[in-house]
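Here are my notes on the model you sent over. Have it open on your screen while you go through them.

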Amino acid sequence: MARDELRPIVKLRSTAGTGYTCVTRKNRRNDPDRLVLREYDPLPRRHVDFREDR
């Protein structure tokens with residue numbers, strides 16, 4: 001299996017409604033569903049959930 005098939009690049013969008021995004025890779029075997037990570041959003045200056053945007 002090629003590298004891009006197993007670990008695709010996904011865009012994560014902030015749930016704070018600021019439109020801020022971050023980019024990461026995800027493992028499809030471990031996380032087949034949409035990814036949710038808690039990251040820092042500089043616009044409201046706090047940590048919020050970032051959900052996978054398709």
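1. I'll start with Arg45, which counts as exposed because its relative accessibility is 66%, and the cut-off for exposed is over 50%. You'll find Arg45 in the loop between β3 and β4. Have a look at its backbone too: phi of Arg45 is near 60°, so to speak a positive value in a residue that isn't glycine.

2. Keep in mind that this is a predicted model. The chain has an average pLDDT of 93, and 94% of the residues score at least 70. Where is confidence lowest, and where is it highest? The low end is helix α1 (residues 3–6), with a mean of 78, while β3 is at the top with 97. As a general caution, predicted coordinates shouldn't be read in detail where pLDDT is low.

3. Now the sheet. It is open, has 4 strands in the order β2-β1-β4-β3, and the pairing is antiparallel. The edges are taken by β2 (21–25) and β3 (36–41), each of which pairs on one side only. On average, neighbouring strands here are turned by 40° against each other, ignoring direction.

4. Zooming in on one pairing: β1 (residues 9–14) runs antiparallel to β4 (residues 46–53), and 4 bridges join the two. If you want a spot to click on, Lys11 stands opposite Asp53 in β4.

5. How many aromatic pairs does a search of the whole structure find? The count is 1. The partners are Tyr20 and Phe50, arranged edge-to-face, with 6.3 Å centre to centre and 75° between the planes. This pair links distant parts of the chain: Tyr20 belongs to the loop between β1 and β2, Phe50 belongs to strand β4, and 30 residues separate them in sequence.

6. Are the two rings' residues buried or exposed? Phe50 is buried, because its relative accessible area is 0% and buried means under 20%. Tyr20 has a relative accessible area of 34%, so it counts as partly exposed.

7. Last one: Gly19, which also sits in the loop between β1 and β2. Gly19 is partly exposed, since its relative accessible area comes to 43%, in between the 20% and 50% cut-offs. Its C-alpha atom is separated by 9.8 Å from that of Asp41, a residue 22 positions away along the chain.

Terms used: Residues numbered from 1 in each chain as written. Predicted model: local features only at pLDDT ≥ 70, side-chain atom pairs only at ≥ 80, totals over all residues. Heavy atoms only, no water. Pairing = 2+ DSSP bridges. Axes fitted to C-alpha atoms, helices over the stretch in contact; angles between N-to-C directions. Buried < 20%, exposed > 50% of the residue type's maximum accessible area, 1.4 Å probe, protein only. pLDDT = per-residue confidence, 0-100. Phe/Tyr/Trp six-rings, centres within 6.5 Å; stacked < 30°, edge-to-face > 60°.
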